[in-house]
Each structure stands twice: as structure tokens, then as C-alpha cells.
Amino acid sequence: MRKKIVAGNWKMNLNFDEGQKLTTEIVNMYKDENIKDVTVVLNPPFVHLFPVKKLVGNTPNLFLGGQNCSDKTSGAFTGETSATMLKSFGAEYVIIGHSERREYFKESNELLTAKVKQALENDLTPIFCCGEPLEIREAGTHEDYVKNQLTESLFGLSDEDFAKIVIAYEPIWAIGTGKTASSDQAQEMHKALRDHLASKYGQEAADNTSILYGGSCNPGNAKDIFSKADVDGGLIGGASLKSRDFVDIIKSF
Ligand SMILES: O=C(CO)COP(=O)(O)O
């Protein structure tokens, strides 16, 4: 059975006090409102990881993740953060290949394979992001475009390694725009991606892979999106910075 997951991507937001306040509120609501059966991942900027981890403690099903990791193990790579470090500071997950990393930091499918390997070697669960820009959606080639992202970055993985991957489908035109994909558009793509994964790793492995939706997800649309058969949760940007909204999204299953 695949997991239901809601991950919050804080992106480059919040100072120390704001991060502590948000985390405290989320942890309290999470406990008070008796949330069960959903894996929740907070992905703050690196500098927040350790203090946020201290607040989260051993709250069941509440985990920490990075927003990125280096493709290298260690060494003279100024400004980089390794998967080993993330793990040692309490992370269990790491977002890899977010469209903002692909676009602004020119991360290629090949580089992302190296990052996924670093994550797996350090026992971190990669949340591997994929998604098409608007012009590709309008040209009608979005399925092939996104399948190709998975093929190029992931299809060299062994069956055992592939089983540890979480996928996040985030159409770029829906990120931070308030323009969410319809639940039918999300389902259509998630199903196509699951079929694609099955063609390489078999139906059972594909059925066990959590595929999250991301892009302007909020408490008003999460229930509809999460109700779709191949949508296993969400990767949440803006709404993860508001405790009430984030927890309401978690409760939308
Ligand atoms: O990029 C996202 C999460 O990684 C989605 O961001 P928004 O929810 O702000 O659209």
C-alpha cells in the first residue's frame, strides 16, 4: 500500500522566529486534531532544519526534509549541503528536481540522477519533482515531456532503489499562480505517470509509489484533488506557510 503524504515546501521564506512559530503551531494542531494515517513532511530551508527538528521531536508521522541536496558526497563545494549532513541533522526526506531548481539553477535530468543517488545512499527518501511548463501543456505534449523527465533521471535505478522514491507532479504553470490544475488534469497525468513507471518497474512497484500533486494546492481544492485514485497527497508551497491552511490540507483526505 502506498503512503498518503503531504509535504510543505517553505521555499526561501521565514526567519528563525517565524519558522519556530509556524512549526509550533503545526505540531500542536497535529497533536490536538488527532491526525492519523498521513505522513507529513516539513521542508524548511537548511538553516531551519535543526531547530525545527527539535520542535517536531518524535511526533509520529511528522518528518523533516531538505529542499535540495548536493550531487557530491563532501569536499570543497562552497555553499552546498550534502545528503549526509541532512540525514545527520534529522531529515528523512529531500525534495529533488523542483522546477525552480531546474530553471534558476540549471539542474539537468542527469544531475538529478546523481542527487537521487546521494539521497538514497544516505537513507533519505527523495521526493522527485517533475512537471511541464505552460507552452508544453498548450502544445499537448505534456505527458511525453514529464514521462521523459522520469525516464532520464530515474530509470537507471535498481528495483530496490526505485521502491524508495516518491514522485511529485507539479505543473509549472500552476506553481504560485493560484491557477491549479483541475483534479481531472491531475488524475490524468498521475495515471499516465503510474503506467509509465509500471512499464519499467512492474505494476506492483508502480502501485506502491506515492505520486503527489503540487501547484496552488489549498484547503479549498485539496479534498477534490486528493479524492482522485492516483493522487496520493500534495507538495504544498504557499499554503504550507500558514499553519491552519497546511493542517486543513493534511485533513483533506
Ligand atoms: O512549488 C510548489 C511546492 O513545491 C507549489 O507551490 P504553491 O503551492 O505555492 O503553488
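What follows is a conversation about a predicted model.

Biologist: What makes β6 and β7 count as paired strands?

Modeller: Two strands pair if at least two bridges are found between them, and three bridges join strand β6 (residues 166-169) to strand β7 (residues 211-214), so the two count as paired. They run parallel, and within this pair Ile167 has Ile211 of β7 as its bridge partner.

Biologist: What do the strands form, and in which order?

Modeller: Eight strands close into a barrel in the order β1-β2-β3-β4-β5-β6-β7-β8, with parallel pairing, and the twist from one strand to the next averages 25°.

Biologist: How do you know in which direction helix α2 runs relative to β3?

Modeller: Angles between N-to-C directions run from 0 to 180 degrees, and helix α2 (residues 49-56), which lies across β2 and β3, runs at about 175° to β3; the value is therefore close to the upper end of that range.

Biologist: Why is Ile127 said to touch Leu235?

Modeller: Contact requires C-beta atoms within 7 Å, and Leu235 is among the residues that Ile127 touches, as are Ala7, Gly65 and Tyr93, so the C-beta atoms of Ile127 and Leu235 lie within 7 Å. Ile127 is also one of the residues with the most contacts inside the largest nonpolar core, which has 64 residues; helix α9 (residues 183-201) gives the most to this core, with five residues.

Biologist: What kinds of residues make up the shell around the ligand?

Modeller: The shell divides into five nonpolar, eight polar and one charged, and among the closest residues are Gly214, Gly237 and Gly238, which count as polar because Gly is placed in that class.

Definitions and conventions:
Residues are numbered from 1 along each chain as its sequence is written. This is a predicted model: local features need pLDDT of at least 70, side-chain atom pairs count only at pLDDT 80 or more; totals for chains, interfaces and linings use all residues. A nonpolar core is a set of buried Ala, Val, Leu, Ile, Met, Phe, Trp, Tyr and Cys residues joined through C-beta atoms within 7 Å. A residue is buried if 20 or more other C-beta atoms lie within 10 Å of its own, exposed if 12 or fewer, and partly exposed in between; C-beta atoms are placed from the backbone. Helices (H or I, at least four residues) and strands (E, at least two) are DSSP runs, numbered from the N terminus. Two residues are in contact if their C-beta atoms, placed from the backbone, lie within 7 Å. A residue is near a molecule or strand if its C-beta atom, placed from the backbone, lies within 6 Å of it. Lists of a residue's contacts leave out its neighbours within four places in sequence.
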